[in-house]
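Please open the model in your viewer and keep the sequence panel visible. The tour below proceeds by selection, with a short account of what each selection shows.

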Amino acid sequence: MSSTADSGKVYHRSCTGPALQTVQQHIHDQDITLFASCFCPFVQRVWAALEYLQIPYKVSSSNEVDPYQKPQELLNVSPKGLVPALMLNAFDPPRALNESTVILDFLEDIATKSTHRSLLPPSSDPYAKALVRLQSDHINRTLVPAFYRYLQAQDPDAQIAGGKEFHAAIQSLVELFERAEREVGGTGLWVEGGDLGWADVVVGPWIFRATNVLKHYRGFETPRGGKFEAWLGRLFEDPAFKRTCSSEELYLDSYERYAFNRPNTSQVANAINSGRGLP
């Protein structure tokens, strides 16, 4: 349960640590411009994919946009004002994409034709690809909403229930990883010596925040187990993922508004509070 008081901290607007260094390396015009926010896990999905797939890109405004202020340049590419979003500058006039999973599919297709890198098993193994899609479906439908319900819960009993729900969602993901290991030899970083995979990118940002935000505000401890802990270590040390991570302070400050469920924290927070699906 939370043992701290709301200190009124505000969300950060600029990356820190390795993520800041990555931003500074992507300030020049490219065919793809990424509209991002430094603390947003949906952004980190796309950002880690761009890094791993080695697709050239620029970060908007030489750093990032403020999704709460919703500047017009963001609304032009994402009508809801949500990040991540892409401006595709190779088109005349430029075109746009939003929604993290849609963008991931687009980047995967781009990489197949350009950098010849992939987050998915090869097309020659459609069953392995299907297992990865099952992993991704569980993450989006179950694990991500459970993260926010747990973090935003204010009543002690609700926090305890939220912790159990989130822990169970992680355990179910582990079972899906283990199924893939039995049936196709494993996928992504669950395999020792493996490469960053689709499910790693899709879930990684929330697992990372579980180890700092949820630990700090809810006392959460990640599940124990040799395979899970080894996967966690490989994920957090993966160069592409690591390059998109800021310092712990940024996340603790930026997520305090969620931890105390301040009114109108975000569209995601409002959806959780109202029982609706995530935007």
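The stops below cover helix packing, individual residues and backbone geometry.

**Before starting**

This is a predicted model, in which local features need pLDDT of at least 70 and side-chain atom pairs count only at pLDDT 80 or more, whereas totals for chains, interfaces and linings use all residues. Residues are numbered from 1 along each chain as its sequence is written, and side-chain values use heavy atoms, with hydrogens and water left out.

Helices (DSSP H or I, at least four residues) and strands (DSSP E, at least two residues) are numbered from the N terminus.

**Stop 1: α2 and α4**

Select α2 (41-53) together with helix α4, residues 100-113. Their axes lie 9 Å apart and the packing angle is about 5°; axes here are lines fitted to C-alpha atoms, for helices over the stretch in contact, and angles run from 0 to 180 degrees between N-to-C directions. The two helices are therefore roughly parallel to each other. On this scale, angles under 35 degrees count as roughly parallel, over 145 as roughly antiparallel, 65 to 115 as roughly perpendicular and the rest as oblique.

Now display the side chains. From α2, Phe42, Arg45, Val46, Ala49, Leu50 and Leu53 meet Ser100, Thr101, Ile103, Leu104, Leu107, Glu108 and Ala111 of α4, where contact means heavy atoms within 4.5 Å. By class, this contact has nine nonpolar, two polar and two charged residues. Ala, Val, Leu, Ile, Met, Phe, Trp, Tyr, Cys and Pro count as nonpolar, Asp, Glu, Lys and Arg as charged, and the others, Gly among them, as polar.

**Stop 2: α2 and α5**

Keep α2 and add α5 (126-152). The axes of α2 and α5 come within 13 Å and cross at roughly 135°, and the pair is therefore oblique. In this contact, Pro41, Phe42 and Arg45 of α2 meet Ile139, Asn140, Val144 and Tyr148 of α5. Its composition is five nonpolar, one polar and one charged residues.

**Stop 3: Arg45**

Is Arg45, in helix α2, buried or exposed? At 1% relative accessibility, Arg45 counts as buried; buried means under 20% relative accessible area, exposed over 50% and partly exposed in between, with a 1.4 Å probe and protein chains only. Leaving aside neighbours within four places in sequence, the contacts of Arg45 include Leu104, Ile139, Val201, Pro205 and Trp206. Draw a distance from the Arg45 side chain to the backbone oxygen of Val202, and 2.9 Å should appear. This is a polar contact, that is, a pair of N or O atoms within 3.5 Å; within protein, one must be able to donate a hydrogen and the other to accept it, and residues adjacent in sequence count only if both atoms are side-chain atoms.

**Stop 4: α12 and its cover**

Move to helix α12, residues 267-274, where Val268, Ala269, Ala271 and Ile272 are buried. Viewed down the axis of α12, the buried residues fall within an arc of 160°, so they line one face of the helix; the arc is that of the directions from the helix axis to the C-beta atoms. Their cover includes α2, α5 and α11 (256-259).

At the start of α12, a side-chain oxygen of Ser266 comes to within 3.3 Å of the backbone nitrogen of Val268. Just after the helix, Gly275 has a positive phi of about 80°.

Which residues does Gln152 of α5 contact beyond its sequence neighbours within four places? They are Arg218, Tyr258, Asn261, Ala269, Ile272 and Asn273. Gln152 has 4% relative accessibility and therefore counts as buried.

**Stop 5: backbone geometry in the loops**

Most residues other than glycine have a negative phi, and most peptide bonds are trans. Select Gln54, in the loop between α2 and β2 (58-59): its phi is positive, at about 60°, although Gln54 is not a glycine. Lys70, in the loop between β2 and α3, has a positive phi near 50°.

Two cis peptide bonds follow. One joins Val83 and Pro84, with omega about 10°, and Pro84 sits in the loop between α3 (72-77) and β3 (85-88). Another joins Asp92 and Pro93, with omega about 0°; Pro93 belongs to the loop between β3 and β4 (95-98).

Finish at Pro94, also in the loop between β3 and β4. Pro94 counts as partly exposed at 46% relative accessibility, and touches Met87, Leu88 and Asn89, not counting residues up to four places away in sequence.
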